Amino acid sequence: MTITYDCTEDTGREVGLSSAAGALRAGRLVVTPTDTLYGIAADAFDPDAVTLLLSAKRRGPDMPVPVLVGSWETIDGLVVSTPATARDLIRAFWPGGLSLIVHQAPSLNWNLGHTQGTVMLRMPLHPVAIELLREVGPLAVSSANVSGQPPATTVAQARDQLGDSVAVYLDGGPCAVGEPSTIVDLTGPAPRIVREGAVSAERIGEVLGTDPAALRG
C-alpha cells in the first residue's frame, strides 16, 4: 500500500521518516523532497531496489542513478580519492544544488547502471532528505518522474507519474529551487560542467579560479 506523509508538521514528519526508512531497508522505493526537485530513492547498496527504481522511471541502466549523501564525510568512503577541486566545491556548495562525478571506490558492492567506474554524488539542502540519509545511509536517487516527462516539484506531481511503484511519499511542500542540480565531472584532466542548473558556471568558476567558458567547454 502506498502512503503519503505530510512532513511539513512534526508528527507527520516523524512517522513518515520512520516509515520511509523501513521501506528502504526492505528494498522498496520512497519519494523524498530535496532542495532542487523531488527524488525517487532506493538503497544504493541494494541492486534489486535500484532495478525497481529504473523500472519505475521507465529507463535503462545506460543512465546511471546518482547517489545522495547525508554528510561531507560520507564521500571519502565512496571514492578512490577526493580531488582538491572536489573538496573546494563541496565546501562552497554542499549541502546544495551541485552534483559531482568522481571515480568510485572499486570495492563498493553496488550496481547503479553503466557508470564506467564513476559515481555522481550530492548532498541536498533539505531537512527531510538529510534526516532520511543520516538514518539509512547513501541513497540512489533520481528525479521523481517518468523518464522524458517533466520533473516533479511537488509530491502530487511525483505521485501522478509514479503511482503505486513507490511505497512511501514524503511531502515537504513545493521545492525551493525547482530546477535540477548542476553537474560537474571531475574524472577528466580538468573540471567540466555536464549540466548547468541550480549553481551557475560563474559561481563554480569563481571557486576554482577558472574561466566559466572553459568549464562549459
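Begin by selecting Cys175 in this predicted model. Cys175 counts as buried, at 12% relative accessibility. Next, display the sulfur atom of Cys175 and look for a cysteine partner: Cys175 takes part in no disulfide, and the nearest cysteine sulfur, which belongs to Cys7, is 13 Å away.

Now select Cys7. This residue is buried too, with a relative accessible area of 5%. A disulfide requires two cysteine sulfur atoms within 2.5 Å, and the sulfur of Cys175, nearest to that of Cys7, is 13 Å away, so Cys7 is in no disulfide. The count for the model comes to 0 disulfides.

From Cys7, turn to the acidic residues Asp6, Glu9, Asp10 and Glu14. Together, Asp6, Glu9, Asp10 and Glu14 form a negative surface patch. Select Glu14 within this group: Glu14 is exposed, with a relative accessible area of 62%. Colouring by secondary structure will place Glu14 in helix H1, which covers residues 10-25.

The next stops are salt bridges. Side chains of opposite charge can pair when their charged atoms come close. The count here is 8 salt bridges, and three stops follow.

Select Arg25 and Glu135 for the first stop. Their side chains meet in a salt bridge, with an N to O distance of 2.9 Å. Arg25 belongs to helix H1 and Glu135 to helix H4 (residues 127-136), so this pair ties together parts that are 110 residues apart in sequence. With a relative accessible area of 47%, Glu135 is partly exposed.

For the second stop, select Asp185 and Arg192. A salt bridge joins the side chains of Asp185 and Arg192, at 3.4 Å from N to O. How buried or exposed are Asp185 and Arg192? Asp185 counts as buried, at 13% relative accessibility, whereas Arg192 is partly exposed, with a relative accessible area of 38%.

For the third stop, select Glu202 and Arg216. The side chains of Glu202 and Arg216 form a salt bridge of 3.0 Å, N to O. Glu202 is in helix H6 (residues 201-208) and Arg216 in helix H7 (residues 212-216), so the pair ties together parts that are 14 residues apart in sequence. Glu202 is partly exposed, with a relative accessible area of 41%, and Arg216 counts as partly exposed at 42% relative accessibility. Finally, add Glu196 to the selection: salt bridges with shared partners join Glu196, Glu202 and Arg216 into one network.

Note on methods. Residues are numbered from 1 along each chain as its sequence is written. This is a predicted model: local features need pLDDT of at least 70, side-chain atom pairs count only at pLDDT 80 or more; totals for chains, interfaces and linings use all residues. Side-chain values use heavy atoms; hydrogens and water are left out. Buried means under 20% relative accessible area, exposed over 50%, partly exposed in between (1.4 Å probe, protein chains only). Patches are made of residues with over 30% relative accessible area and no salt bridge: like charges are joined within 9 Å, nonpolar side chains (Val, Leu, Ile, Met, Phe, Trp, Tyr) within 5 Å. Accessible areas come from the Shrake-Rupley method with a 1.4 Å probe; for residues, only the protein chains shown count as cover. A salt bridge is a side-chain nitrogen of Lys or Arg within 4 Å of a carboxyl oxygen of Asp or Glu. Lys and Arg count as positive and Asp and Glu as negative; His and the chain ends are not counted. The place of a charge is taken as NZ of Lys, CZ of Arg, CG of Asp or CD of Glu. Helices (H or I, at least four residues) and strands (E, at least two) are DSSP runs, numbered from the N terminus.
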